[in-house]
Amino acid sequence: MTSAPHSSTGSAGPTGPQDQHDAGAPCGGCGPSGSSRRAFLERGALLGAVGVVGTVGLTACTDEIRAEDNAPSHHVGGSPTPAIDLADLPVGGMTSVMLEGRTLLISRPEEDEVHAFSAVCTHQGCTVAPATENGEEVFACPCHGSHFDVTTGVPYGGPAQKPLTEYTATVDGDQVLVTL
């Protein structure tokens, strides 16, 4: 009977079995030392900890962005942009329009009075839409039930505490202009 030759790295030493990899292996964690598994596990634990800290940091950042105290009450700046024809928004009506990548809620309570608001809920950023609740016209958030007044954007039901961001809106001839 013949036995296969053993390399010095394959024999059991005083600390136990050694790895069978070359010391110059490109993986960086492999080699003849008995601590390569420990190093691998330590690196994995470190990467896991970094991932947890990063996730907590991003969550805190997102919460800060969503914080009701940070929600602007009125959009400032920009130029008047045609949003909708008056013929498509009767007196007492409301609608949702997409304008330059923004979803806006527009209401027309009187002949020459219009209001425009961001459709982003000030509670947690869901998209608010026109709705009728208990016979009343409202802007409603489908996520958590916040309701907003269609002329002021002020919440009066649900968890939202801050009003929707208002945009300057005017009637100009046969169009509604919104300043973006």
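**Notes on the cysteines and the strands**

1. Start with the sulfurs: C126 and C143 are joined by a disulfide, with an S to S distance of 2.2 Å. Keep in mind that this is a predicted model. A search through the whole structure turns up one disulfide, and the link of C126 and C143 is left-handed, at -105 degrees about the S-S bond.

2. What does the bond tie together? C126 sits in the loop between β4 (113–118) and β5 (129–133), while C143 sits in the loop between β6 (136–140) and β7 (147–148), so the bond connects parts that are 17 residues apart in sequence.

3. Have a look at how covered the two partners are. C126 has a relative accessibility of 17%, so it counts as buried, the cut-off being under 20%. C143 comes out at 40%, which makes it partly exposed.

4. Now for another pair of cysteines, C121 and C141. Why is there no bond from C121? Its sulfur is 3.8 Å from the closest cysteine sulfur, the one in C141, and that is too far, because a disulfide needs the two sulfur atoms within 2.5 Å. Seen from the other side, C141 is in no disulfide either, with the sulfur of C121 as its nearest cysteine sulfur at 3.8 Å.

5. Are C121 and C141 buried or exposed? C121 is buried, at 4% relative accessibility, and C141 is buried as well, at 5%.

6. On to the fold. The chain has one helix and 11 strands. Reading from the N terminus, the helix comes at the start and the strands follow, in the pattern α-β-β-β-β-β-β-β-β-β-β-β.

7. Four of the strands make an open sheet, in the order β2-β3-β4-β9, and their pairing is antiparallel. Which strands are at the edges? They are β2 (93–99) and β9 (166–167), each of which pairs on one side only. As a reminder, strands of a sheet pair through backbone hydrogen bonds, either parallel or antiparallel.

8. Inside that sheet, try following β3 (residues 102–110). Five bridges join β3 to β4, and the two run antiparallel. One spot to find on screen is I106, which stands opposite A116 in β4.

9. Last, some totals. The chain has 180 residues, and 29% of them count as buried. Its accessible surface is about 11100 Å², with 56% of that belonging to carbon and sulfur atoms. Among contacts in the chain with a separation of 6 or more, 44% come from residues 24 or more positions apart.

Conventions
Residues numbered from 1 in each chain as written. Predicted model: local features only at pLDDT ≥ 70, side-chain atom pairs only at ≥ 80, totals over all residues. Heavy atoms only, no water. Buried < 20%, exposed > 50% of the residue type's maximum accessible area, 1.4 Å probe, protein only. Pairing = 2+ DSSP bridges. Contact = heavy atoms within 4.5 Å. Areas by Shrake-Rupley, 256 points an atom, 1.4 Å probe, with all protein chains shown as cover.
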